[in-house]
Every structure is written in C-alpha cells, then in structure tokens.
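Subject: Structure handover

Hello,

Here is the structure for your next round of work. My notes follow below it.

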Amino acid sequence: MSVLTRDEAQTRAQLLDVQHYTVDLDLTTGDETFESTSLIRFTARAAGDTFVELKPDTLHSAVLDGTPLDPAALDGNRLPLTLTEGEHTLGIRTTMRYSHTGEGMHRFTDPTDGEAYVYTQLFMEDVQRVFAAFDQPDLKAVFDVSVTAPEGWTVLSNGITEQQPDGRWTAATTPLISTYLVCVAAGPWHSVRTEHAGLPFGIHCRRSLAPHLDADADEILDITRACFDRYHEKFAEPYPFDSYDQAFVPEFNAGAMENPGLVTFRDEFVFRSAVTDTERMHRAMVIAHEMAHMWFGDLVTLRWWDDIWLNESFAEYMGYQTVNEACSDRFADTWIDFGVTRKAWGYEADQRPSTHPVAPAADAVPDTASALLNFDGISYAKGASALRQLVAWLGEKDFLAGINIHFKRHKFGNATLADFVDNLAAATDRDVHAWAEQWLGTTGVDVLTPRLEGEGNRWRLTVDRAGSRPHRLTVGVYDRDAAGDLLLRERAWVDVPQEAPLDLDGPRPALVVLNDGDLTYTKMRFDEVSQETALRGLSRIPDPLSRAVVWNALRDMVRDGVLAPAEYLQVALAHLPEETELAVVQGVLGFARTQIADRYVSAADRPAALATLGEITRALLRRTEDGEAPGLRLTAVRTCVDSATTPDKIASWLDEGTVHGGPELDPELRWRILARLAVLGATDEAAIAAELERDPSATGQEGAARCRAALPTAEAKAAAWSAMFDSDELSNYLFTATAEGFWKPEQAELTQDYVARFYPAAIAMAARRGPAMAEAAGRRAFPAFAVDPESLALGEHHLADDTMIPALRRQLVDQLDDLARALRARG
C-alpha cells in the first residue's frame, strides 16, 4: 500500500475541486465483510492524471463519467484516473473487510450478550478501508451517507439520522468536512437523548453498559451543556453542525475522536467500577477537548498533517481551561492534573531522540506515515503548554480575539500555521511571529534555576536559563513560620530573560519556586537552600498547584540523574501521607510505582522500594478509614495491590470481597488483585476461569488474558507469546491485555529468552497487522523491565532493520531511550 506524500496531496489539491460524496454502506452481509458504494462528484481544473484511494477486500466496479474502469488497474490502494478538464462523476462499488484493530470499520461482538456493534475510525488514511475517497484533509466535500443495518440496530452519523420505509438509515447532509471526519456507528445502542440550545444531544453505549451510562448520564450531559455554552461565550462562530452525539464505543484505540456531530469515545469512560474524582475530571476534559475540535479541526481544518498541533494543542488547552471555567463547582483546578500527568508526558517526549517541534517544518512531515508519528506528548501536552504560556504573555482577550478572526476567515476551509499566527497578530501589537518561531519551531525543554544574592533583609533574585525560549512566569517566595509551615511572602511576575533582578524585601526566603503558577513549559531547579526546604517541607506548601510544580521538579531531577530514586521515595514517604490533592497523590504514586520501583532501582533494591510504597499506602489507608476521601482510599488500595510482595493480605481481600474498612471489591479491583496474585504465583487457571464466569464482559475477557499471561510458568508464557505474535486473532484490546501481563520484573529469569525474540516477532507482526498493532506492540509488548546494557545493545542493533514500519520504529526509539535513562538512573 502506498502512503500519500505531501507533494502528491498538493498536486492533487491544485487539480481537483471535490464537491460531493454519496456513500451507501450495507452492514447486513455477514460478520467479516460489508458492501460499500461511493459516488463522488468533482471538478478537474485541467486535464491530468491522478488517483482515488481505496483498500477493498474486492473491487467490483469503478465507473468514471459512465465509462467502466478496469478493476485490475487498482495498484495497492490507488486506482488511477485520467481526467479531462471539467466536471466528473466517479462511482465505485466494493466489498470491504471489518477490522478488529480499531481502524477503518471496527466490528465488536459483546461477550456479555452476543450483540454486535460497528463503528468507523477514519483518521489519517483509514477512510480507504470503508469507502473510496480522495483522502486528504484539504479536499473537503459535502457528504450524504446511508446505511443498511440489521433489524434492531440504530445508526448514528455526523448528521441527524432517520430510518426510511425501506429500512435504510439516512443521515442529514453534512456541511463541508474532510474525509477523515466522516463517521458511522451502528448497533443496538442504548441511548439517552435530550435537547439543548435548540439542538438534539445524545449519549450512546452498548446495551450491556446501559446501567452504568444511566448512572452517569446527568453528569455527562451537564458537563456537555456547560462546555457547549462556555464555547459560545468564547467563540463568535456558532456550533456548525445539526446535532451533538457522543458514542462510547468498544476497543477504541484513542481516547476519543472529534467526528463532527458524532464524537466517539473509548467506552472505558462508561465507568463499570469505582473511580476517583480525577478520573471523572479527565472524562470531563476529554468531552471538552473533543467539543473544542468542532471549531478547531472540524470547522477550520489543517491543510496538511504537519499542522496537527493546530488541532490537538488547541483542543488540549481548551479542554482543561473550559472545564476549569465551566465545571468549577464539580472539579477543582484542572491545571493541577494537567501539570502532574499530561505535562510530564510532554517533557518526556521532548527529551527523546524522536522529539520534534510543536509545529514541524514542512519537509519534516513528507507523508502520512511520518505524520502519524507526531500524535504524541509534544503535539498535545507541550503544544497546550505553549498556548497557556501564550495566553499568559498575550492576555486572554487578545488571544480569543485572534482565534475568532481565524474562525471567521477560514470557516469550512483549511488553514496553516502561518494563517493562525497572522490571525493572532491581527489582534495584538505584540510580535506573535517571533514568539511562534521561538516556541513552536524549536525542540527540547529549557531549564530554569534561581540564583539569590544578598544579605540581611536585602536579596536579589535572578533566573538562570539553559535554553532559548522567552518565559513569562510567576515566582513564589516562601518563608517558614515557627510551626514549620511555609507561608507565601509574595508571588511576582518575572520575564526570562530578565531585564533586571527581582528585589526581595525581607530575610532570605526559605523556598523559591520558579513557575509557581505552572504557566510556562520548562524544567525547574532549586537553589541549595530551597532544595533542602522542598525535600523536608514539601507538604507544608499551602497551594496544591505549587506543590504539584515542586513534585514535577523532583520527578525531573530523578529522570535527569540529579536526585537519587531512593531519595525521591523517602520524600514521598515523608510527605505523601499528608497530601490532600488527589491528582498529586496519583501522579507521585504512579511515577514511584511504574518507573522507580520497576525500572530505576536495581533488582536488589526493588524489594526496599516496594516496601516503601507499602508504607505509604498503609499510611493513606489509615488516614482514610473515616470514609471522607474515597478517591484517595481507592488510589491507595490500587497501589497497595500493585506493590504487594506477598499474597496473603490481597488474597484475603479477594476471598472476602472487600478491603478491610472498605471499599467492597468491584470488577476492576477483583481483576487487579487476581493479576497481582498471578504474578506472585498465588493463583491458577481454575481461579481465572471462575472469575471470568463471574464477569464474562469484554473487560473480564481482557482481565483474564492479562492474568493468564502473568502466570509464572513456561507454559503460560509460551501460550501468551504465541497468541500475540504467531496468530493474528487477538483484537487490539486483547493483544494489549496479554502484553501487559507478559513482562514482569519478578519474572525476569522466566522471560529472559523472550527479550531477543521480541524484535523479529514485533517487526513481522507489525508488517502484517499495520500501524495500530505496531504501536501496541512497541508500547505494550516491549521488554521494558529488562534494564541492562545487553538489552539496550540488542534493541539498537534491530533499529537498523529497514523493513520495520515507521509506527513501530518510533515506539522502539522511544522505549530504548527510556531504557538508557533507566540505566543512567541506576548508576
């Protein structure tokens, strides 16, 4: 199959003006394939040769202006077209194959009740798996979609759908949208419908999840309405589509997808088990993120994939900011969670060999395969951080004015980075072009360090910068009182590079926190006195966002080899039991458990690291016995399970169906405990099968696959390996679950021989199954716990294999860089 190059897309966009697609899908022809017919009306501005893309199981016919084309002319995914100047009609009839990898038209059968569901994910170049198209974002067109579906199914699409007398479902004609944004979701959906601002709103899920969706329907719809209203306060352009549906679909590869009028979400957001408030806040942020795309991405769309940050950075920033504004009565400061989770993702991505600018140069994204690699922590988290810094520097009023100019000039069209910057510049006297060059066109993370000079009550603060970007930030200056608490003396704005030092009145501060409001994107260090204060008094800092900034700084210091992993664990032991901000507790425990205990300490030191985590979780459990902080307690229980080194306590919880003092075990906790018992060799196939009979859901199937792969026997590992790499039967989710169970630090000796086998197996599987499964293999099935120089050398050797597809190569480059960092941390 050929990937589309930027040059080809530009040539085709100059040749063609595409007006209209009529797409007809028949989903009643079996479990493996479906029928697809597309009729495309377009104009050729001149005579010339071009092609249309499709990836059929069978191409039955292609007719250009009434003249049949030879189906044998299909070359991979391209059907050649020779055009005269003027108007044309192209009709193509195919049989297409359902996928089980989350690409194209994904088909899923719910093991709970046997009901089948299908949905499309057409991003980047997967529309070709569903219908023939001129598949590039700047050839927007109007779409009329009709679907023949089995009796009892409901069909959802970008516009309002109606069932016709002949049984077919037709969707309302769309406005101009890009091919990758067309969406169909069909099945016996459970739906909750309402109306807001004169538009129909709906939320949908599998029937087996109906009770769980109903339990949260008011919350989901309240958040949806609040964000919708807030965007209409921010944006001059009204919502541009005829309805707003949100479908929670199974085995979805991403968090969600911004299809106009029909956003699809992974259905883990329909919570079957207890979750924390931060997890609910994250769901709210994703709702707001995808809704922001209705304007930035759908109304105004990138011209080529090098500008994907225009979609994702904007939606990421708006998602957090809008939930912060519109749902403040439900959720506390969302930027704390952003700083602890999303921003860390950006920092890590930006320090790897695969880093790239937020806005890459045109020649850096020559084709769709390379474009797919940029959906990472840079395009999302770093880009959102850059926009937050832009708002701090520019002011929100001018920022929104520039955004509204952008929408007005380019609505239902396409735009580039240059367009965006020009439109921002039209709303301000500041030099936005220079800012964009410094922030969006460079890579890496600056490092800022405070320097204090003076004596007595006269001190001056300067900020040393390792890097090149300008920063507008706040500096927090803290004193310690007699009780040992840290009190904010002042919070001052500072521009880096500084024109003059910041004068501080009073004695030498006990603590100086750069970027105290977390408004810029930088690593932050401490002066000597401040570092000692931070290590000993972190929990005494009054503001949770400031504590999050300090915890992030300590995380960066561990990753950079400036702070020993064991010392970080001791800081966590000293301060985490007193932490009140749930997002901070989750972030610190997650880093300590998955990075420090599993990778950054040696095998000999790992028991001590797990013991420290056990102390922290026991302290948190004692603190939450009164039931006042259920999210904190749930977080502690999860970490306690994952860190258990002996089976007795967690096995007793499983037997009794409850944690002593609560909570009672729901399916998520039961599978979590059983997976840990499997790692410890304290359960068996009979217990796994019994648990699966108790919970035969899709999540239960994944839990069983994870547990079976985690059993510490040669037979279990061989079976899991064969399922992942010798067969293509596993769906994307079952593959991931199996991979998550396979590699465990406790089983290093048992899995040692598989380390060398991973690379040729992953390369061959990725070539067969494509980018989504390649990413799953590189991210989930990589032998991350084999932290030794030999494993690093082996991986670097295999990077020379030129048969490796780009999606897998990107994952392996990142994994091997993380492996090298873990080795340095151990040193």
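Two strands count as paired if DSSP finds at least two bridges between them. Helices (H or I, at least four residues) and strands (E, at least two) are DSSP runs, numbered from the N terminus.

This is a predicted model, so local features need pLDDT of at least 70, side-chain atom pairs count only at pLDDT 80 or more, and totals for chains, interfaces and linings use all residues. Residues are numbered from 1 along each chain as its sequence is written, and side-chain values use heavy atoms, with hydrogens and water left out.

**Sheet**

Strand 24 (residues 471-480) runs antiparallel to strand 25, and 10 bridges join them. One of the bridge pairs is Arg480 with Leu486 of strand 25. These strands belong to an open sheet of 3 strands, ordered 25-24-27, with antiparallel pairing. Strand 25 (486-496) and strand 27 (511-513) are the edges; each pairs on one side only. From one strand to the next, the twist averages 20°. Axes here are lines fitted to C-alpha atoms, for helices over the stretch in contact, and angles run from 0 to 180 degrees between N-to-C directions.

Helix 11 (residues 528-537) packs on this sheet. It touches strand 24, strand 25 and strand 27, where contact means heavy atoms within 4.5 Å. The direction of helix 11 makes about 95° with that of strand 27.

**Cavities**

A cavity is a set of points on a 1 Å grid, over the protein atoms alone, where a 1.4 Å probe fits but cannot get out; lining residues have an atom within 4 Å of a point. Points are joined across faces, edges and corners, and a volume is the space filled by probe spheres set on them.

There are 7 cavities of 30 Å³ or more. The largest holds about 70 Å³. Its lining includes Tyr347, Asn515, Lys523, Met524 and Asp556. Strand 28 (523-524) and helix 12 (544-559) each give two or more residues to that lining. Helix 12 gives the most, with 4 residues.

**Cysteines**

A disulfide is a pair of cysteine sulfur atoms within 2.5 Å. The count by this rule is 0. Why is Cys227 not bonded to Cys327? The sulfur of Cys327 is the closest cysteine sulfur to that of Cys227, but at 4.6 Å it is too far for a bond. Cys707 is in no disulfide either; the nearest cysteine sulfur, in Cys640, is 17 Å away.

Cys227 is buried, at 0% relative accessible area. Cys707 is also buried, at 0%. Buried means under 20% relative accessible area (1.4 Å probe, protein chains only).

Regards

Definitions and conventions: Buried means under 20% relative accessible area, exposed over 50%, partly exposed in between (1.4 Å probe, protein chains only). On a 1 Å grid over the protein atoms alone, a cavity is a set of points where a 1.4 Å probe fits but cannot get out, and a pocket is an open set with protein on both sides within 12 Å along at least five of seven lines; lining residues have an atom within 4 Å of a point.
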